[in-house]
Amino acid sequence: MADILADRFSKQLLHDFSRIVKQAHPGFNSEQFIQLVFDEHWTDKQLKQRIRHISTSLGQTLPADYDAAIEILSAISPQCSGFEYLFLPDFVELYGLPHWETSMQALAHFTSSSSSEFAVRPFIEQDPTRMLQQMLEWAHHSNHHVRRLASEGCRPKLPWAAPLRMFINDPTPILPILQQLKADESEYVRKSVANNLNDIGKSHPDLLKQVARQWLGHDPRTDWIVKHGCRTLLRKADPEVLALFGLSTTPDVTISQFQLSEKQVAIGDGLPFSFSVRSNSSSPQLLRVEYAIDFVKANGKTSRKLFKITENEFDHTDRTYTRTHSFKDLTTRKHYAGMHQLSIIINGVEQVTEAFEVTSPM
């Protein structure tokens, strides 16, 4: 995925950007900027390296005075919206650590048109107490992009970012921020809070369960955050978390007509399968239905991944599910030939399993 995104920093994009800068600041040397960006090493750079390289090139062509440079970039940022302009907050990360007040304003400003979630992290590392106070203030901001930044920026294990070891070791300092946002009106913000909780639960499951018990049952928006924040523990079938959401650890069910359409599938193709679920309980039973695949890895060992199908109340009626799992290689998953297994999982309990072979493409 990162390699694909790196290609979005095209020559056309940066030529257009340089023209926008020059309109706001006629002294900007757009030709020099383009030459600096597209040097002999550009094609070898990956996503984050390209972002940083663009920031460095701006640093060589904008005014040397940081406040003056930020004033120019802030003025043009409404015309520079989207992922491709992550180099604007990255410029703050690169040059702004000694300029706290200007940088805080810039990060809040840029996050609305791009995202400052990566750029805030060096500021947290530099002065965590001051930065957490700033993020708590952002959590009260009228702009939902800024409120999301308060949560997303302090995630202990934010993807594509260096982990915040201090919060992996002790996440309690970020809880007041999440507490403020736990019933936010914006789904965009609520998703971030849930993802932050999920990060916390990977290292501190007991703390996540404590928060979940405290937050549940007061607001539907908060309930959704808690459920989504506990998703890793749900996949692991943590008994306390299952019980918290009304899921029995000993589901009384019957799985029938489980069938793989083929016993062999080539990399790049799909494997159809089907099965039926029936509850044997005398009263409706809440069931979390998933399927798991034990994927063969490059070293020949296997690694299990779960895929949710549904979570619903079941009665004595058979419910049939048909799915096709794709074995097309992705940027996030590469497939390898060998014997795999597909299993049906109900409330964390494996019900039926069948082996099949994945082969190299023809």
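This briefing walks through the overall build, a buried helix, a pocket and the strand pairings of one protein chain. The model is predicted, so please read every value below as computed from that model. The chain has 17 helices and eight strands, and 49% of its 362 residues count as buried.

**Overall build**

- Along the principal axes, the C-alpha atoms of the protein chain fill a box of roughly 75 × 55 × 30 Å.
- Take the contacts between residues with a separation of 6 or more: 67% of them join residues that are 24 or more positions apart in the chain.

**The buried helix α6**

- Helix α6 covers residues 87-95, and seven of its nine residues are buried, so the helix is largely enclosed by the rest of the structure.
- If you want to find these buried residues in the model, look for Phe 87, Leu 88, Pro 89, Asp 90, Phe 91, Val 92 and Glu 93.
- What do the buried residues of α6 pack against? Their partners are α2 (11-24), α4, α5 (66-76), α7 (100-110) and α8.
- A handy rule for looking at any such helix is that an α-helix has 3.6 residues a turn, so residues three or four places apart point the same way.

**The largest pocket**

- The largest pocket holds about 320 Å³ of space.
- It is lined by 20 residues, and those closest to its centre are Lys 48, Asp 90, Glu 93, Phe 118 and Ala 119.
- Asp 90 and Glu 93 may look familiar, as both are among the buried residues of α6.
- Three helices, α4 (47-61), α6 (87-95) and α8 (121-126), each supply at least two residues of the lining.
- Which helix gives the most to this lining? That is α4, with four residues.
- By type, the lining residues divide into 13 nonpolar, six charged and one polar.

**The five-stranded sheet**

- Five strands form an open sheet with mixed pairing, in the order β2-β8-β7-β4-β5.
- Why do β2 (264-266) and β5 (302-314) each have one side without a neighbour in the sheet? Both stand at the edges with a single partner strand, so one side of each is left free of a neighbour.
- Neighbouring strands of this sheet are turned by 25° against each other on average, direction ignored.
- Strands β7 (residues 338-346) and β8 (residues 349-359) pair in the antiparallel sense over nine bridges.
- Two of the residue pairs you can look for here are His 340 with its bridge partner Phe 356 in β8, and Met 339 with Glu 357 in β8.
- The hairpin of β7 and β8 has two residues between the strands, and Asn 347 takes a positive phi near 50° there.
- Strand β8 also pairs with β2, in the parallel sense over three bridges.
- In that parallel pairing, find Ala 266, whose bridge partner in β8 is Thr 359.

**Strand β3 and its partners**

- Strand β3 (residues 270-279) is mostly covered, with seven of its ten residues buried.
- With strand β1 (residues 253-260), β3 pairs in the antiparallel sense over six bridges.
- In this pairing Val 253 stands opposite Ser 279 of β3.
- Strand β6 (residues 319-326) also runs antiparallel to β3, and eight bridges join the two.
- Here Leu 271 stands opposite His 325 in β6.
- As you follow any regular strand, remember that side chains alternate between the two faces of the sheet.

Definitions and conventions. Residues are numbered from 1 along each chain as its sequence is written. This is a predicted model: local features need pLDDT of at least 70, side-chain atom pairs count only at pLDDT 80 or more; totals for chains, interfaces and linings use all residues. Side-chain values use heavy atoms; hydrogens and water are left out. On a 1 Å grid over the protein atoms alone, a cavity is a set of points where a 1.4 Å probe fits but cannot get out, and a pocket is an open set with protein on both sides within 12 Å along at least five of seven lines; lining residues have an atom within 4 Å of a point. Grid points are joined across faces, edges and corners, and a volume is the space filled by probe spheres set on the points. Ala, Val, Leu, Ile, Met, Phe, Trp, Tyr, Cys and Pro count as nonpolar, Asp, Glu, Lys and Arg as charged, and the others, Gly among them, as polar. Two strands pair if DSSP finds at least two bridges between them. Axes are lines fitted to C-alpha atoms, for helices over the stretch in contact, and angles run from 0 to 180 degrees between N-to-C directions. Buried means under 20% relative accessible area, exposed over 50%, partly exposed in between (1.4 Å probe, protein chains only). Contact means heavy atoms within 4.5 Å.
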